[in-house]
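Student: I have a new structure open and don't know where to begin. Can you walk me through it?

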2 protein chains.
Amino acid sequence: MKLVIVGGVAGGASAAARARRIDEHAEIVLLERGPDVSFANCGLPYYLSGEITERAKLLVTPLERLRQRYKLDARPLSEVTSIDIEKHEVEVRDVATGTINRERFDKLILSPGAAPRMPGIPGQDLPGVHSLRSLQDADRIMARLHAGVKHAVIMGGGFIGLEMAECLAHRGVGVTLIERNPHVLMALDPEIARPVADELATRGVNVLTQRKVTGIHSIHGLLRVTMEGGESIDAGLVVIGIGVTPESDLAQKAGLALGKSGGIKVDRHMRTSHPDIYAVGDAVETPNIVTGELAVVALGGPANRQGRIAAAHAMGRAESLLDSSYRGSQGTAIVRVFGRTAGCTGASERMLKRLNIAYKTATVHPAHHAGYYPGAEGMTLKVVFAPNDGRILGAQAVGGAGVDKRLDVLAMAIQGKMTVYDLEEADLCYAPPFGSAKDPVNMAGFVAAGLLRGDHPQITAAELRDHITAGTATTLVDVRTAAEFERGTVPGAINLPVDELRTRLGELTSVAGSGPVVVFCQVGMRGYLATRILLQNGFSARNVSGGYTSWTRAI
Amino acid sequence: MKLVIVGGVAGGASAAARARRIDEHAEIVLLERGPDVSFANCGLPYYLSGEITERAKLLVTPLERLRQRYKLDARPLSEVTSIDIEKHEVEVRDVATGTINRERFDKLILSPGAAPRMPGIPGQDLPGVHSLRSLQDADRIMARLHAGVKHAVIMGGGFIGLEMAECLAHRGVGVTLIERNPHVLMALDPEIARPVADELATRGVNVLTQRKVTGIHSIHGLLRVTMEGGESIDAGLVVIGIGVTPESDLAQKAGLALGKSGGIKVDRHMRTSHPDIYAVGDAVETPNIVTGELAVVALGGPANRQGRIAAAHAMGRAESLLDSSYRGSQGTAIVRVFGRTAGCTGASERMLKRLNIAYKTATVHPAHHAGYYPGAEGMTLKVVFAPNDGRILGAQAVGGAGVDKRLDVLAMAIQGKMTVYDLEEADLCYAPPFGSAKDPVNMAGFVAAGLLRGDHPQITAAELRDHITAGTATTLVDVRTAAEFERGTVPGAINLPVDELRTRLGELTSVAGSGPVVVFCQVGMRGYLATRILLQNGFSARNVSGGYTSWTRAI
C-alpha cells in the first residue's frame, strides 16, 4: 500500500499521522510545496503581535519527528504539478532545483489548501502589500514591521483581518481596516458584529465599511490605498485578508469533479469523483450541516478531522459501521478582538434568509456568570431555530469571558439535532465564578420556547426598526423606569414602568390602536412580564427581543 | 385559582415567577420560613471570603419587587407546619409572633429545601460550630470571623467544604479540612479529585482524609475537634459541610409518598403522590438521567428548572406537547479551589461500578487552548461511556481555565444521548486563545472511539496498579525519552523510546512474556502510536490511558 498526500499542513499532516497509526507497513509520502510541514497557520497573527515569541513554536510537528516517529517520507519544497490518474502517478517538482520526478500511488489524498483571494487592483503586488497564509508571509510582514511601520491598512474585516487589526495595534501600529460590506465579520449577523466594530473604534482602529479599494500606489516610500469616491489612506504596510480561493487547479486539471463553489467535490468519506483520490481541507466543498448548502469552509478544525476521515477510508476502513464520516460543515468560528470575543456556529440569520429557510430567533443579554459575584461580563447570545419544531439552526454570541463556552455548548446541541426545549433543560455547570443557576443557554431556551409556545410573542429590534421606518409601528411602550427612559428610548415610545403597568392599564387602552402593543425594556426580561400582563388583560402584545440593548444595535 | 408555594428560595421563587407569568389573575402566596425570600445561597462562601462585599447583593430579588412586579403575596417568616390535604389547606405559623393561620390552596408547590446534615457528635451545637445554608448562617460565621479566628476546621470535603476552605484561606484564616472518606470531592473519581487535594496542600490547607470526628469540645476559648485515634485540632471556628438531608417531614406528615432516599417522590412534572401537590428542589428525589437511580440532588440549577416545570403544570399547562418536563438529574457540578477547577456531569465511574453498569473510560491531559499560544493551562478530561454503543455516560475534568467549558459541552452531549463518535466530530470554537484544532473534547472522543474500534487497546492506570500489586503485570515499557524515564517511571518498566521502537523491536521480543506488552508515555499520545506499532508487529499490546500523568494520580 502506497499512500501519497499532497499538502503537509492541517488536513494533510493529520491524514499522514492517522494513516501511519492504521497501517504500520504502508509507504506514506507527504509532499509539501512550501518549506514547512505541519505548521500552525492560525497562530501567525499572534506571532506577528509578539505574543508568540518563538517562531519555532509554530512548527507543530518538526519535520524530523514526522520522519522518525511516523515513518513518513515527508518532503517539503515538493510541489505536485499534475496527477496522472490512469497511471496512478503524480508529477513532483523539486522547488529548490526544478527537477521533476514521478511518484506512484495506490491512494492519493489532496490537501492543497487555499490561496489568499486577491482583490484584482493595481498595486496589489507592490512590496509591502501582503497576505497571510504561510510562515513566509509572516516573515515578510515581520521584516516590514521591523523596518518600522507607523500605520497599516488591512483590507477585509473577516476573522483574519480582525485578528491582524488586534495584533498590529498590540504592537503600537496604527490600523485602518477597510471592509467592502456594510459591517465587519459578515459571517455574523449585523447586531452581533456591531459590538466588535465598537470595540475596534474604542481601541483606536479606524474602521471604514462599504468602501471599495481601487488601487495601491507607492508614494514617497509609503503605500497609498485609494478608494472609490476619492478617499485614500497612506500606510507602511497593507495586509490583504479578503478571503481565500480553494487550490483546486490540480484536481481540476486531473479531471476530478469540482462543485459550483469551485471546491473539489467529495463524498462523506472525503473521496473525490475518483475512488482512489481523496481531498480534504480548504480546497473541498462540503454540505452545511444545517442547510445542506455546498460551500468551501476554510477552518482548521474541520481540515484536521477530514484528514483523519480520509486516511481511515483510504487505508481500508470503509466497511466499519463505527468508522467516522464527515457530517458536513458547521462553521463554528470565533475571534478575539481586544476585550471582545465574537463567534458563531451553524447557520446565521443572513444565510437562512438567502436560502429561504424559515426561522425564528431569540436574543438574550445575560451576564457570563452569577451577577452577584464580582467580574460578571455581559454577553449577547442569539439562537436561531426552526419555527415548527424548535430545532436549533445556529447560534451567535458576542461579549467577553464565557462566549466561547456558550457557542461550544450550542455547537454540540446543533450536532445532536437538539431543540430550544433541550436548551431549557440543559444541566450546565453552576458555581458563582462560572455560571448562573439559569445559564445564558437556559435563558435563550426559555425565550425561544416561550415564543414557540405562544406565551411570549416577540418582535425583533430589526423588525421594529423597519416598522418605524415604514410608519407601520403601533403603540410602543418602554416598560423601564422613568430614569432609564430619560436616558434614551425608541422614538415614539411612551413610558409605563412594568411595576406600574397593572394599575395604569387604562392609559394604555386609550392610546392602543388596532395593532399590537409593542413593549420593551433593557434586555427583554421586564418586557416579557409586561407582555404577559397585557396579553392576559385582553391586549394584543409583543415584546422586543433583547429589548433596548438589541434596539441600539439594530439602528 | 389559588397557588400556595412553600419555600421562597431557588425552586420556590422560580415557581412563583413562572406561575405569575402564566396566570396574571391567579392568587399566588409564597411562604418562606426564613427572613429572606429569593436569596443566593450559592454565593454565601464568596460573601464570607470578602469577594462579594455587599450582603444586599445576595438578595437576588428583593421582597418588595416580588410583591409589586410579580403581584405575589410573599411572606417571609411564615413557616408551614402542616398540610391538611382533605381541606386543601396549610397551617402557617408566623415565626415572629407564633400566631397560627390557615391558608387554602387549589394547588400547592413544596420547595422546603434541605437541612444541613449533622454528624451526631458531642459539641456539634457549641457556639462557633456552624453549617452554611442561610444568610443567617453566613451572618453568624461572619460575626465569628470578625471576632478574630486564626484557625478553622471544616468538616467535609465536598463542594461546599472546599469552597469554604478557599474562602477562609482567602481571608487569611488557617484551615484544616477533615474528610471521612479516602479523598475529597467524593462526587468525583479519585484521580480527578487528587489534583484538587494537591492544590489545597500547596495553598496551606491541612487536609485530613479517612478521619472520623468524634467530638467538639470548648477548651480555653477554642473549639477542640477530636478524631478517632486520638488526633485533635484546635480552632476558633468549625464549619460543618457533610451534606444535606431533604426537608421532607412536612410532606411525610401529610401522607405524601417519600422515596427510599428520603426525598419526596415526584413524577416528571414534579407532582407528588397527590395530584394537587408538587415538590421541587433539594427535598425531592429524581431519577438519574444516565442510570435511572433515584436520589436527592441538592443543586441550584435543577431546583430552578423544577420550579418552572411544577408551576407550568400546576397552572394547567399539562396537556401541551411542547411543555417541559423534568428529564432527571444529571448532577452537573463544578467547584473552584484556588487555581484549580474540578467538576462532573452524568455518572461517575464509582457510581456505575456500584450499580454494576458496564462502562469504559477515556482520559486525556490536553492543554486548554493551542499549546503554541502563551498561557495554555493543562487539564485532565475523563469521559465515561457505554462499551457497546459508545454512548456518553459521564464526564469529569480538573484543571484551570476551560474546564467548565468542556464539562458543559459534555453535559449537552449526555442530554442529547450522544456518543463518543459524536465527540470525534464535534465542531467547536478554535482560535489560539480559546481552543485547539483538535479540542480536548475531540481528543477524548478519539481515544474513546479508538478503544471501541479495537484500534487502541488500553488499560487504566488503576488497573495497572492493581496488576502490579497482585504481581500479574506483564512486560511494561516506558516509551518516553531516556531523560523522562530517569526522572521517574512506573516500577518494573523498561525504557524504549517510541522513536526507537521500530528498530529495537527485537529487544522486546526477548522480554515479552505471554501477556500483553503494556506501554505508556507522559499523557497517552506516544503510547498510542507505540501500541499501534506493536500490534502491527505481532505483539499483543495495550496503552496506559492518560499515561504516566494518570499513573501518578492512581498511586
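Tutor: Start with a definition: two strands pair if DSSP finds at least two bridges between them. With that in hand, strand β23 (residues 340-346) of chain A and β26(A) pair in the antiparallel sense over six bridges. Keep in mind that this is a predicted model.

Student: Which residue stands opposite A:G346?

Tutor: That is A:G394 in β26(A).

Student: How many bridges join β25 to β26 in chain A?

Tutor: Seven bridges join β25 (residues 379-385) to β26 (residues 392-399), and these strands of chain A run antiparallel. A:F385 has A:I392 of β26(A) as its bridge partner, and A:V383 has A:A395.

Student: What about the hairpin those two make?

Tutor: The hairpin of β25(A) and β26(A) has six residues between the strands. In this hairpin A:G390 takes a positive phi near 80°.

Student: Where do these strands sit in the sheet, and what is the order?

Tutor: The sheet is open and has five strands in the order β22-β23-β26-β25-β24 (chain A), with antiparallel pairing. The edge strands are β22 (333-337) and β24 (360-364) of chain A, each of which pairs on one side only. From one strand to the next the twist averages 10°.

Student: Is β26(A) enclosed or open?

Tutor: Largely enclosed by the rest of the structure, because eight of its eight residues are buried. Buried here requires 20 or more other C-beta atoms within 10 Å of the residue's own.

Student: Which helix lies across β24 and β25 of chain A?

Tutor: Helix α12 (residues 440-453) of chain A does, running at about 140° to β24(A).

Student: Let's zoom out. What domains does chain A have?

Tutor: The domain assignment gives domain 1 (2-113 + 245-314), domain 2 (129-242), domain 3 (335-453) and domain 4 (458-554). The C-alpha centres of domain 1 and domain 4 of chain A lie 55 Å apart.

Student: Any helix packing in chain A?

Tutor: One case is α1(A) with helix α8 (residues 300-314) of chain A: they pack at an angle of about 35°, with axes 7 Å apart. The crossing is right-handed. Among the residues that meet are A:G11, A:A15 and A:I22 in α1(A) and A:A303, A:G307 and A:A314 in α8(A). The contact divides into eight nonpolar, six polar and two charged residues.

Student: Now chain B. How many residues does each chain put into the contact?

Tutor: The contact takes 70 residues from chain A and 70 residues from chain B. On the chain B side, elements that each supply at least two residues include α3 (63-69), α8 (300-314), α12 (440-453) and α17. The largest share of that side, nine residues, comes from α10(B). The residues of chain B that touch chain A divide into 34 nonpolar, 15 polar and 21 charged.

Student: Is α17 of chain B covered or exposed?

Tutor: Helix α17 (residues 525-535) of chain B is mostly covered, with ten of its eleven residues buried. Among the buried ones are B:Y528, B:L529 and B:I533.

Student: And what covers them?

Tutor: The cover includes α1 (11-22) and α3 (63-69) of chain A. From chain B it includes α15 (498-501), β30 (517-520), β31 (541-544) and α18 (547-554).

Student: Two strands in that list. What sheet are they in?

Tutor: An open sheet of five strands in the order β27-β31-β30-β28-β29 (chain B), with parallel pairing. β27 (458-459) and β29 (494-495) of chain B stand at the edges, each with a single partner strand, so one side of each is left without a neighbour in the sheet. Two bridges join β27(B) to β31(B), and B:I459 has B:V544 in β31(B) as its bridge partner. Helix α17(B) packs on this sheet, touching β30 and β31 of chain B, and its direction makes about 175° with that of β31(B).

Student: Last one. What does α18(B) cross?

Tutor: Helix α13 (residues 461-470) of chain B: the two axes come within 8 Å and cross at roughly 65°. The crossing is right-handed. B:A461, B:A462, B:L464 and B:R465 in α13(B) meet B:S550, B:W551 and B:A554 in α18(B). Those contact residues divide into five nonpolar, one polar and one charged.

Note on methods. Residues are numbered from 1 along each chain as its sequence is written. Chains are lettered from A and ligands numbered from 1 in the order in which they are written. This is a predicted model: local features need pLDDT of at least 70, side-chain atom pairs count only at pLDDT 80 or more; totals for chains, interfaces and linings use all residues. A residue is buried if 20 or more other C-beta atoms lie within 10 Å of its own, exposed if 12 or fewer, and partly exposed in between; C-beta atoms are placed from the backbone. Helices (H or I, at least four residues) and strands (E, at least two) are DSSP runs, numbered from the N terminus. Two residues are in contact if their C-beta atoms, placed from the backbone, lie within 7 Å. Domain bounds come from an automatic or database domain assignment. Ala, Val, Leu, Ile, Met, Phe, Trp, Tyr, Cys and Pro count as nonpolar, Asp, Glu, Lys and Arg as charged, and the others, Gly among them, as polar. Axes are lines fitted to C-alpha atoms, for helices over the stretch in contact, and angles run from 0 to 180 degrees between N-to-C directions. A crossing is left-handed if the near helix is turned anticlockwise from the far one by less than a right angle, and right-handed if clockwise.
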